[in-house]
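This report considers how one helix packs against its surroundings and where open space remains in a protein model. Please keep the sequence and the structure in view while reading.

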Amino acid sequence: MNEISKHHEAAFSLHFKNFKRFRRNLSYSLLALPMIIYVFIFNYLPMGGIVVAFKSYQYDLGILKSPWVGLDNFRFFFTSPDAWRITLNTLGYNAIFIVVGLIIPVGLALLLNEIKSKTMLKYYQTTMFFPHFLSWVVVAFMAYSFLNPLYGLLNRWLTDMGGQSVDWYVKAKPWIFILPVAHIWKTVGMSTLIYYSSLMGIDQEYYEAAALEGASKPYMAFKITLPFLYPLMTMLTILNIGHIFYADFGLFYQLTMNSPMLYSTTDVIDTYVFRALRESGNMGMAGAVDFYKSFIGLLLVLLTNYIVKRKNEDHALF
């Protein structure tokens with residue numbers, strides 16, 4: 001009986017400590033409440049619609065009464081002649097975005113950390129961060145002013161240098177480079193700001209001690225700064241790998257002006273599904289592809305997190 005009583009006392013003490021911790025952090029929980037509600041409404045409630053992937057959706061019957069078709073919607077997508085091409089495009093571009101989107105922002109954050117002038121620091125931050133607020137529609141028309149086959153600035157420069165103008169919206173291969181450049185230009189500011197904010201939390205005594213020992217700037221960057229960034233870099237990379245099947249629809253649809261001549265190198269899963277929905281209205285197939293992307297993304301997150309956990313448990317996401 002004494003052991004049971006001690007067990008109950010320990011359990012009550014633990015619950016009491018958890019309650020005290022909850023009361024102490026209540027203000028922080030209330031600050032997070034709007035985002036929790038937002039995520040619940042727009043990310044968790046719609047998950048009930050996953051059943052559409054296994055049904056032949058009919059608008060007059062709705063989700064619940066539409067007939068079940070099993071895996072027919074998945075079969076429709078995977079037997080499509082375009083399935084392999086758009087899957088490779090999606091994986092290839094997102095792999096490039098993950099690698100380049102890690103190296104460049106970290107490098108820029110390290111450079112910003114070396115700037116001592118607050119005026120210049122604000123200027124560089126604003127310059128890099130401004131494209132983040134532009135929609136892909138605006139960016140598409142900005143790109144069109146450069147790539148227009150008749151009056152584009154890029155073609156004028158080419159002809160002025162003795163070259164020939166290029167119809168960029170007909171030639172597919174150059175977009176293998178254009179799309180990553182556009183993506184980095186638009187997203188690098190936000191990523192750099194995240195890494196730079198992390199750098200601001202590093203204790204300056206580490207650098208002062210290294211300077212007294214005669215350490216150079218590159219040595220301090222690789223031995224002090226980067227190790228502090230490793231956990232954040234790992235976490236963001238794991239999350240990005242989980243979204244490797246999710247293409248930025250605005251980038252691939254708006255920037256390319258949806259030119260059919262570019263589909264061989266610019267068509268990804270999201271743009272393919274959008275066109276299929278617009279032309280055939282097949283909600284079941286769209287649901288099947290989304291389920292496929294989400295399931296593979298979950299597996300990739302779990303696998304990547306497991307590998308990171310085996311190497312360094314402190315850097316794992318969970």
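In this predicted model, the buried residues of helix H7 pack against helix H8 (153-160), H9 and helix H12 (249-253). The buried residues in question are Trp136, Val139, Ala140, Ala143 and Leu147. Seen down the axis of H7, these buried residues fall within an arc of 105°, so they line one face of the helix. A general rule helps in reading such a pattern: an α-helix has 3.6 residues a turn, so residues three or four places apart point the same way.

The length of H7 can also be checked. Helix H7 covers residues 136-147, and at 1.5 Å a residue its 12 residues should span 16 Å. The C-alpha atoms at its ends lie 15 Å apart, which agrees with that expectation.

One of the partners of H7, helix H12, is preceded by a loop that joins H11 to H12 and holds aspartate 248. Is aspartate 248 buried, partly exposed or exposed? Its relative accessible area is 30%, and because buried means under 20% and exposed over 50%, aspartate 248 counts as partly exposed. Aspartate 248 and valine 268 are separated by 20 residues in sequence, while their C-alpha atoms are 9.2 Å apart in space.

The report now turns to open space. Rolling a probe the size of a water molecule over the atoms shows where empty space is left. The two pockets are set out below.

| Pocket | Volume | Lining by class |
|---|---|---|
| Largest pocket | about 860 Å³ | 15 nonpolar, 7 polar and 2 charged residues |
| Second largest pocket | about 700 Å³ | 13 nonpolar, 9 polar and 2 charged residues |

The largest pocket is lined by 24 residues, and those closest to its centre are Asn43, Met47, Tyr246, Asp290 and Ser294. At least two lining residues come from each of helix H2 (26-44), helix H11 (217-242), helix H14 (269-280) and helix H15 (283-311). Which helix gives the most to this lining? It is H15, with 10 residues.

The second largest pocket also has a lining of 24 residues, with Phe97, His183, Thr187, Ser191 and Asn240 nearest its centre. Two or more residues of this lining come from each of helix H5 (83-113), helix H9 (175-199) and H11. The most is given by H9, with 9 residues. Helix H9 thus appears in two settings: in the lining of this pocket and among the elements against which the buried residues of H7 pack.

Notes
Residues numbered from 1 in each chain as written. Predicted model: local features only at pLDDT ≥ 70, side-chain atom pairs only at ≥ 80, totals over all residues. Heavy atoms only, no water. 1 Å grid on protein atoms, 1.4 Å probe; cavity = no way out; pocket = protein on both sides within 12 Å on 5 of 7 lines; lining within 4 Å. Points joined across faces, edges and corners; volume = space filled by probe spheres on them. Helix = DSSP H or I, 4+ residues; strand = E, 2+ residues; numbered from the N terminus. Nonpolar A, V, L, I, M, F, W, Y, C, P; charged D, E, K, R; others polar. Expected span 1.5 Å × (residues − 1). Buried < 20%, exposed > 50% of the residue type's maximum accessible area, 1.4 Å probe, protein only. Arc of directions from axis to C-beta. Contact = heavy atoms within 4.5 Å.
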